[in-house]
Amino acid sequence: NDLYAVVGNPVSHSKSPRIHSLFASQTGEAVEYTAIQAPLDGFPGTVRQFFERGGQGLNVTVPFKEDAWKLAERRTERAEKAGAANTLYQDGAGVLTADNTDGCGIVRDLVRNHGVRLEGADILVLGAGGAVRGVLGPLLAERPASLTIANRTLARAQALVELFAPVAGSTQLSACAFDEPREPYDLIINGTSASLQGDLPPLSPEVIGEKTVVYDMMYSLQTTTFNQWALDQGAQTVYDGLGMLVEQAAESFRIWRGVAPETAPVIDELRDD
Ligand code: ATR
């Protein structure tokens, strides 16, 4: 079997080994996929050792996505802009290559799995950290009418606007504070880590309209803190990030194996765990 792994710290809770073994049995690919905990100061050594021993590809998770980006000798265009990498492999010439499939993952989950229309939509994105930077390029490529980045630290949102302005096309790209937006949006994406502290971004309830779709990039067995807030404000449609997790994994699998697994049965299976 060809060897793959997810590298993180901590990594024991990662769902990637389960997702990729479901992909492997579904497609009949000879893939073995494990989890590797790298020392916080030892990511490059862990990666080198993995490939020296014949490993074929790595997923990278918290807190190493930026280290993976730096370590790579070559980056795909989408990884370059994302400033972080979640997928590593050696190309035909043995060059360590980085990709980022997170943005592709959220777009596919929204569009294919949930039937959300992104083209022409007014999108509010909450947060301006690595998670948001990783998905902005693919979201903008769907040509929304507007994309507003709201963040606790306004300067970080403004920095992302500057960084992505060259690829915004006709999309109106702007930054603001959480309490500034007052109109209903078509789509609100929570990319903050506020709920990890049990916090909520202080949004006006007016951003939630009858048709607003709310998407939390986090997922959990229970409704996320943010999605519960949205439901309490009258939101009709809320999704968590489980589909994004499976879709980004499927795109990594496709890059490594040249085969695109079906994601719906895997999402269902994980939901039932
Ligand atoms: P990640 O890789 O998860 O994006 P990050 O780069 O540390 O991690 O970014 C975390 C994001 O969540 C940031 O947008 C952060 O806001 P700041 O830029 O102001 O720090 C946001 N965040 C974290 N805790 C928050 C809280 N309690 N309330 C609101 N926003 C929060």
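The following exchange concerns the domains, sheets, ligand shell and backbone geometry of a predicted protein model.

Residues are numbered from 1 along each chain as its sequence is written. The model is predicted, with local features requiring pLDDT of at least 70 and side-chain atom pairs counting only at pLDDT 80 or more, while totals for chains, interfaces and linings use all residues.

Biologist: How far apart do the C-alpha centres of domain 1 and domain 2 lie?

Modeller: Domain bounds come from an automatic or database domain assignment. Domain 1 covers 2–100 + 244–272, and domain 2 covers 103–240. The distance between their C-alpha centres is 25 Å.

Biologist: Which helix supplies the largest share of the side of domain 1 that touches domain 2?

Modeller: Two residues are in contact if their C-beta atoms, placed from the backbone, lie within 7 Å, and the contact takes 13 residues from domain 1 and 13 residues from domain 2. Helices (H or I, at least four residues) and strands (E, at least two) are DSSP runs, numbered from the N terminus. On the domain 1 side, α3 (65–71), α4 (77–82) and α9 (242–257) each supply at least two residues. The largest share, 5 residues, comes from α9.

Biologist: How many residues of the side of domain 1 that touches domain 2 are charged?

Modeller: Ala, Val, Leu, Ile, Met, Phe, Trp, Tyr, Cys and Pro count as nonpolar, Asp, Glu, Lys and Arg as charged, and the others, Gly among them, as polar. Under this division, that side has 4 nonpolar and 3 polar residues, and the number of charged residues is 6.

Biologist: How many polar residues belong to the shell around the ligand?

Modeller: A residue is near a molecule if its C-beta atom, placed from the backbone, lies within 6 Å of it. The ligand is surrounded by 15 residues, the closest being Gly129, Gly130, Ala131, Arg152 and Thr153. Beside 4 nonpolar and 3 charged residues, the shell has a polar count of 8.

Biologist: What is the helix content over residues 241–271?

Modeller: The unreviewed UniProt entry lists this range as "domain: SDH C-terminal"; UniProt positions are given in the numbering used here, feature names are shortened, and annotations may be inferred rather than shown by experiment. The end C-alpha atoms of the range are 11 Å apart, strand accounts for 0%, and helix accounts for 77%.

Biologist: Which strands form the edges of the sheet with parallel pairing?

Modeller: Two strands pair if DSSP finds at least two bridges between them. This open sheet of 6 strands has the order β9-β8-β7-β10-β11-β12. The strands that pair on one side only are β9 (172–176) and β12 (237–239).

Biologist: What angle does the direction of helix α7 make with that of β9?

Modeller: Strand β8 (residues 146–150) pairs with β9 in the parallel sense over 5 bridges, and leucine 147 stands opposite leucine 173 in β9. Helix α7 (residues 154–164) packs on the sheet and touches both β8 and β9. Axes are lines fitted to C-alpha atoms, for helices over the stretch in contact, and angles run from 0 to 180 degrees between N-to-C directions. The angle between α7 and β9 is about 165 degrees.

Biologist: Why is one side of β2 and of β4 left without a neighbour in the sheet?

Modeller: The open sheet of 6 strands with mixed pairing has the order β2-β1-β3-β5-β6-β4. Strands β2 (31–37) and β4 (74–75) stand at its edges, so one side of each has no neighbour in the sheet, as each has a single partner strand.

Biologist: Which residue in the hairpin of β5 and β6 takes a positive phi?

Modeller: β5 and β6 pair in the antiparallel sense over 4 bridges, and tyrosine 89 stands opposite threonine 97 in β6. The hairpin has 5 residues between the strands, and the residue with phi near 80 degrees is glycine 94.

Biologist: What is the omega of the peptide bond from valine 62 to proline 63?

Modeller: Proline 63 is found in the loop between β3 and α3. Its bond from valine 62 is cis, with omega near 0 degrees.

Biologist: Where is arginine 143 found?

Modeller: Arginine 143 is a residue other than glycine with a positive phi, near 60 degrees. Its place is the loop between α6 (130–141) and β8.
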